[in-house]
Amino acid sequence: MMEMKKLTDICDIQYGYAFDSKCFTEDSSYPQLVRIRDVKKGYSETYYSGDYPKEYILTEGDLLIGMDGEFNIARWKCSGALLNQRVCKLTAKVGTNEEYLRFAMSKSLKEIEKRTAFVTVKHLSAKELNKLELDVPELSKQDKIADTLSRLERIIEAREEELEKLDDLIKARFVEMFGSIYDNKYGYNVMTLQDVCEPIKDGTHQTPTYTEDTVNGFKFLSSKDVTSGKVDWDHLKYIPEELHNELYKRISPRKGDILLAKNGTTGVAAIVDRDEVFDIYVSLALLKPLEMVTAEYLCSAVNSLETKHQFDHSLKGI
């Protein structure tokens, strides 16, 4: 039998500490500092050189939630890191399976995200967490649900790992077939992107106003919609007609064009595979291949390991 319980009744919530940014460092001899972007991957490459309260030290396996942007929940993967502000830790109370809590919270957090989908930057407040209610069955049923979902999760992770390896194989095969720009053993012409594309444009630099009207609004893509190397049409935001009219006149993306992520997962390209009317944010560049090159070849070249190496060496900022 399910029973609705407040989150605070089934777990303790510890909110992160406001560590002094002046002490942030890249020196790995200091403790890791958990930032929002680190929650999902489970480790940090930001470190903290100052003094800190001992009660904010994490241990491996702690359950964390990022409270800005995407509300991710995940297990932390190492001990000794520091719990920073806008990240919180959940610790299940007696009578609650913490893995069941993780899966239940993952569902609830996605629902909260949907309710705030049209806000430019989403924030999860302590007030919202404190009033959140979950369906909680008896402990034996929690154990069974958590075990089943954990096994399914492991299968999915294994499949994703296989796909990543296949993707790497495709990229390596591309170099085998067409050679490297560094030795150019086939003697091909070496060209820049601007040599093989129409003048490259990016999306709007202004912060867009979103609309919940998906019927009269227009699809709006950013770099997060091409992170997999394909255009993700399932999680789009929408902008009003006035803004669309202003943007589309300048950019006008079409089927067969290529979208290139300029930040986030930088350097990932995806071919526009639908006859959709849409607009893009500044985080995307629009490549329109000239007749001398096919979109499929150009997209594969941009996604190759060699091109990624070039992008990595030209990155600015974090």
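No disulfides turn up anywhere in this predicted model. A pair of cysteine sulfurs has to lie within 2.5 Å to count as a disulfide, and the cysteines looked at here don't come to that. For Cys-78, the closest cysteine sulfur belongs to Cys-88 and sits 18 Å away, which is too far for a bond. Cys-299 is likewise in no disulfide, with the sulfur of Cys-197 as its nearest cysteine sulfur at 11 Å. Both residues are tucked away from the surface: Cys-78 has a relative accessible area of 19% and is therefore buried, and Cys-299, at 7% relative accessibility, counts as buried too.

Turning to the strands, E11, E17, E14 and E15 line up in that order to make an open, antiparallel sheet of four strands. The edges go to E11 (201-202) and E15 (269-271); each has a single partner strand, so one side of each is left without a neighbour in the sheet. The partner of E11 is strand E17 (residues 284-287), and the two pair in the antiparallel sense over two bridges. Within this pairing, Lys-201 stands opposite Leu-286 of E17.

On the helical side, helix H4 spans residues 139-178 and includes Leu-149. Together with Leu-152 and Ile-155, Leu-149 makes a nonpolar surface patch of about 270 Å². Leu-149 itself is at 32% relative accessibility, so this residue counts as partly exposed. Joining such a patch takes over 30% relative accessible area, a cut-off that Leu-149 passes with its 32%.

Methods. Residues numbered from 1 in each chain as written. Predicted model: local features only at pLDDT ≥ 70, side-chain atom pairs only at ≥ 80, totals over all residues. Heavy atoms only, no water. Patch = residues over 30% accessible without salt bridge, like charges linked within 9 Å, V, L, I, M, F, W, Y side chains within 5 Å. Areas by Shrake-Rupley, 256 points an atom, 1.4 Å probe, with all protein chains shown as cover. Salt bridge = Lys/Arg side-chain N within 4 Å of Asp/Glu carboxyl O. Buried < 20%, exposed > 50% of the residue type's maximum accessible area, 1.4 Å probe, protein only. Pairing = 2+ DSSP bridges.
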